[in-house]
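Here are my notes on this one, written so you can follow along with the structure open beside you. Take the points in order and find each piece as you go.

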Amino acid sequence: MNNKVILISIDGMRPDGVMQCGNPFVQQMMQMGSYTLTAKTVLPSVTLPCHMSMFHSVPPTRHGIGTNTYTPMVRPLNGLFEQVAAAGGVSAMYYGWEPLRDVARPGSLKFAGYLNAYAEDATDGKLTDLALERMEKSAPDFVFLYMVETDEKGGHDNGWMSPAYLGYISAAIDNVKRVYEAFGDTYTVIVTADHGGHERSHGSDMPEDVTIPMFFLGKRFDAGAALEDVSILDLTPTIADILAVNPAPEWEGKSLAK
Ligand SMILES: [Zn+2]
């Protein structure tokens with residue numbers, strides 16, 4: 001495929017969290033690309049339901065996964081990974097929380113790497129290393145990089161917006177910067193979150209839980225443009241559009257690429 005995309009999901013990253021984390025690359029992303037600080041995720045604002053919606057462009061009422069336990073869809077539909085595979089594209093996925101393996105059906109990934117963030121330290125950085133290594137070697141058309149430390153070790157262990165939480169976001173943004181510096185010329189880089197959080201939890205319809213930031217760095221996005229009315233359901237149609245992959249008929253979101 002002529003155009004390539006890496007999607008980076010930073011679990012539990014709130015818009016005010018990324019704005020206050022102190023990492024100067026956040027301002028650079030807002031100047032170089034398009035962004036939103038007011039995108040909406042779906043309910044329940046929980047990791048697996050939100051990522052299923054991120055990759056299938058339908059709400060949990062349609063895909064049917066309402067908890068962090070995967071169940072096969074009653075009315076199956078293709079997600080992004082399946083559509084990329086059907087178009088002959090190559091996908092890779094690197095993740096630090098095992099249940100996420102179910103966002104891609106068997107046969108739709110050529111490369112994958114999992115590190116257990118509960119058993120090992122600094123998995124966000126190590127997963128980024130794995131993704132970078134694979135991009136260097138094989139240049140997959142679509143790469144998904146998922147970092148969980150902001151949610152688990154930041155939000156749940158220390159509280160959303162705590163200094164420790166902001167520190168994990170800043171470290172995750174450092175990893176985004178490494179990806180951008182190595183591959184910003186050849187890949188569109190998209191950074192998002194699945195949900196936010198409050199106190200030491202999430203899952204509710206509170207604005208703190210359902211509002212997420214997104215950053216889009218690539219030639220299909222205007223520099224410095226604030227995007228309005230964005231949903232997590234828009235990510236998969238946007239990525240398919242950039243890759244020139246057909247959307248599945250069931251997808252409900254819209255492409256944000258110009
Ligand atoms: Zn969580």
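1. Let's start with a term: two residues are in contact if their C-beta atoms, placed from the backbone, lie within 7 Å. With that in hand, look at contacts between residues at least 6 apart in sequence: 67% of them join residues at least 24 apart. Keep in mind that this is a predicted model.

2. Now the overall picture. The protein has ten helices and seven strands. Its radius of gyration is 16 Å, close to the 18 Å that the globule rule gives for 258 residues, so the protein is as compact as a globular protein of that length. Along the principal axes, the C-alpha trace spans about 45 × 40 × 40 Å. Buried residues account for 52% of the 258.

3. Next, the sheet. Strands of a sheet pair through backbone hydrogen bonds, either parallel or antiparallel. Here you have an open sheet of seven strands with mixed pairing, and the order is β2-β7-β6-β1-β5-β3-β4. Which strands stand at the edges? They are β2 (34-40) and β4 (111-114); each has a single partner strand, so one side of each is left without a neighbour in the sheet. On average, neighbouring strands are turned by 10° against each other, ignoring direction.

4. Try walking through the sheet from β1 (residues 4-10). On one side, β1 pairs with β6 (residues 187-192) in the parallel sense, over six bridges. You can check the match yourself: Leu-7 stands opposite Ile-190, and Ser-9 stands opposite Thr-192. β1 also runs parallel to β5, again joined by six bridges, with Val-5 opposite Phe-142.

5. β6 is worth a second look. Six of its six residues are buried. Tyr-187, Val-189 and Val-191 point one way, while Thr-188, Ile-190 and Thr-192 point the other way. β6 also pairs with β7 (residues 211-217), and this time the strands run antiparallel, with four bridges. In that pairing, Val-189 of β6 has Leu-217 of β7 as its bridge partner.

6. How many residues of β5 (residues 142-147) are buried? Six of the six, so β5 is largely enclosed by the rest of the structure. Phe-142, Phe-144 and Tyr-146 point one way from β5, and Val-143, Leu-145 and Met-147 the other. β5 is also joined to β3 (residues 91-95) by four bridges, running parallel, and Met-93 stands opposite Phe-144 there.

7. On to a helix pair. Two packed helices are described by the angle between their axes and the distance between the axes. The axes of α6 (residues 123-138) and α8 (residues 163-183) come within 10 Å and cross at roughly 10°. Angles under 35 degrees count as roughly parallel, and α6 and α8 are therefore roughly parallel to each other. Residues making the contact include Leu-132 and Met-135 of α6 and Ala-171, Val-179 and Phe-183 of α8. The contact residues divide into seven nonpolar, three polar and two charged.

8. One last residue to find: Gln-27, which sits in helix α2 (residues 25-32). Is Gln-27 buried or exposed? Gln-27 has 10 C-beta neighbours inside 10 Å, so it counts as exposed. For a sense of scale, the C-alpha atoms of Gln-27 and Phe-81 are separated by 31 Å, and the two residues are 54 apart along the chain.

How values were computed. Residues numbered from 1 in each chain as written. Predicted model: local features only at pLDDT ≥ 70, side-chain atom pairs only at ≥ 80, totals over all residues. Axes fitted to C-alpha atoms, helices over the stretch in contact; angles between N-to-C directions. Helix = DSSP H or I, 4+ residues; strand = E, 2+ residues; numbered from the N terminus. Parallel < 35°, antiparallel > 145°, perpendicular 65-115°, else oblique. Nonpolar A, V, L, I, M, F, W, Y, C, P; charged D, E, K, R; others polar. Rg over C-alpha atoms; globule rule 2.2 N^0.38 Å. Buried ≥ 20, exposed ≤ 12 C-beta atoms within 10 Å, placed from the backbone. Pairing = 2+ DSSP bridges.
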